[in-house]
Amino acid sequence: MLYRMKNQKDNTEKSFKISYPEQGLLQLLVLKFIYENPSYGYDLIKQIADISNDSMIIKTGTMYTTLRRMEKSGFIKSVWKESELGPSKRLYELTPLGKKYLNKMLHNISSRIPIVQELLSFYRKELDGKI
């Protein structure tokens, strides 16, 4: 997403690329679930909805675009599995590179927990329902 901000002093505009935290969370959740058990795309959608109490509903197109991007990056791989009840489906598995990436990103997140706690404390005290 491109966000534009206008400088009030000289009326110039700057553009900033912003990615929503949900995209990063989606990738980490996919890696976590696939680490625990190779999965199909639809099953990943259901797992994410379940653990988020339906606050993070992933559209099918978003999930499969994310999975293709992650496969292209080498974090996951897929194999076609025959199904007795319907068409073949892709089963997604974690690669060694995906394990390393998951480990690194979770380490980075864990080191930033105090920052997130500070922001949440501020939100609850100053903003929650007040604006």
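**Exercise 1. A bridge between Glu-71 and Arg-90**

Work out how the side chains of Glu-71 and Arg-90 meet in this predicted model, and where the two residues sit.

*Solution.*
Step 1: Look at the side chains. Those of Glu-71 and Arg-90 form a salt bridge, with 3.6 Å from N to O.
Step 2: Place the partners. Glu-71 belongs to helix 3 and Arg-90 to strand 4; they are 19 residues apart, so this pair links distant parts of the chain.
Step 3: Check how open they are. Glu-71 has a relative accessible area of 25%, which makes it partly exposed. Arg-90 is partly exposed too, at 32% relative accessibility.

**Exercise 2. A second bridge, from strand 3**

Which residue does Lys-77 pair with in a salt bridge, and which parts does the pair tie together?

*Solution.*
Step 1: Find the partner. It's Glu-93, and the closest N and O atoms are 3.9 Å apart.
Step 2: Test that against the cut-off. A salt bridge needs the nitrogen and the carboxyl oxygen within 4 Å, so a 3.9 Å pair counts.
Step 3: Place both ends. Lys-77 is in strand 3 (residues 76-81) and Glu-93 is in strand 4, so the bridge ties together parts that are 16 residues apart in sequence.
Step 4: Look at exposure. Lys-77 has a relative accessible area of 43% and is partly exposed. Glu-93, at 22%, also counts as partly exposed.

**Exercise 3. A bridge inside one helix**

How many salt bridges does the structure hold, and how far apart in helix 1 are Glu-36 and Lys-32?

*Solution.*
Step 1: Count. The structure has 3 salt bridges.
Step 2: Take the pair in helix 1. The side chains of Glu-36 and Lys-32 meet at 2.8 Å, N to O.
Step 3: Count along the helix. The two are 4 residues apart, so about one helical turn separates them.
Step 4: Bring in the general rule. An α-helix has 3.6 residues a turn, so residues three or four places apart point the same way.
Step 5: Compare with the cut-off for exposure. Glu-36 is at 52%, and exposed means over 50%, so Glu-36 is exposed. Lys-32, at 33%, is partly exposed.

**Exercise 4. Inside the core**

Which residues of the largest nonpolar core touch the most other members, and which element supplies the largest share of this core?

*Solution.*
Step 1: Start with the core itself. It has 20 residues, and Val-30, Ile-48, Met-63 and Ile-76 touch the most other members.
Step 2: See who contributes. Helix 1 (21-36), helix 2 (41-51), helix 3 (60-72) and strand 4 (89-94) each give at least two residues to this core.
Step 3: Pick the top supplier. That's helix 1, with 7 residues.
Step 4: Zoom in on Ile-48. Leaving out residues up to four places away in sequence, Ile-48 touches Leu-26, Leu-29, Val-30, Phe-33, Met-56, Ile-58 and Met-63.
Step 5: Set this beside a general trend. In soluble globular proteins, nonpolar side chains tend to be buried together.

**Exercise 5. Two unusual phi angles**

Are Asn-53 and Asp-54 buried or exposed, and where are they found?

*Solution.*
Step 1: Locate them. Asn-53 is in the loop between helix 2 and helix 3, and Asp-54 is in that loop as well.
Step 2: Read the angles. Asn-53 has phi near 50°, a positive value in a residue that isn't glycine. For Asp-54, also not a glycine, phi is positive and near 65°.
Step 3: Check the surface. Asn-53 is exposed, with a relative accessible area of 69%. Asp-54 is exposed at 51%.

**Exercise 6. Helix 5 and a nonpolar patch**

What span does helix 5 reach, and which residues make the nonpolar surface patch?

*Solution.*
Step 1: Take the span. Helix 5 (residues 113-127) has 15 residues and reaches 20 Å from its first C-alpha to its last, close to the 21 Å expected at 1.5 Å a residue.
Step 2: Look past its end. Helix 5 is followed by Gly-129, with a positive phi near 75°.
Step 3: Find the patch. Leu-106, Ile-109 and Ile-113 make a nonpolar surface patch of about 250 Å².
Step 4: Connect the two. Ile-113 is in helix 5, and its 40% relative accessibility makes it partly exposed.

**Exercise 7. The whole chain**

What pattern does the protein follow along its sequence, and what percentage of its residues count as buried?

*Solution.*
Step 1: Count the elements. There are 5 helices and 4 strands.
Step 2: Read them in order. The pattern is β-β-α-α-α-β-β-α-α.
Step 3: Get the buried share. Of the 131 residues, 23% count as buried.
Step 4: Finish with the surface. The protein exposes about 10,300 Å², with carbon and sulfur atoms supplying 55% of it.

Definitions and conventions: Residues numbered from 1 in each chain as written. Predicted model: local features only at pLDDT ≥ 70, side-chain atom pairs only at ≥ 80, totals over all residues. Heavy atoms only, no water. Expected span 1.5 Å × (residues − 1). Patch = residues over 30% accessible without salt bridge, like charges linked within 9 Å, V, L, I, M, F, W, Y side chains within 5 Å. Areas by Shrake-Rupley, 256 points an atom, 1.4 Å probe, with all protein chains shown as cover. Buried < 20%, exposed > 50% of the residue type's maximum accessible area, 1.4 Å probe, protein only. Core = buried A, V, L, I, M, F, W, Y, C linked by side-chain atoms within 4.5 Å. Contact = heavy atoms within 4.5 Å.
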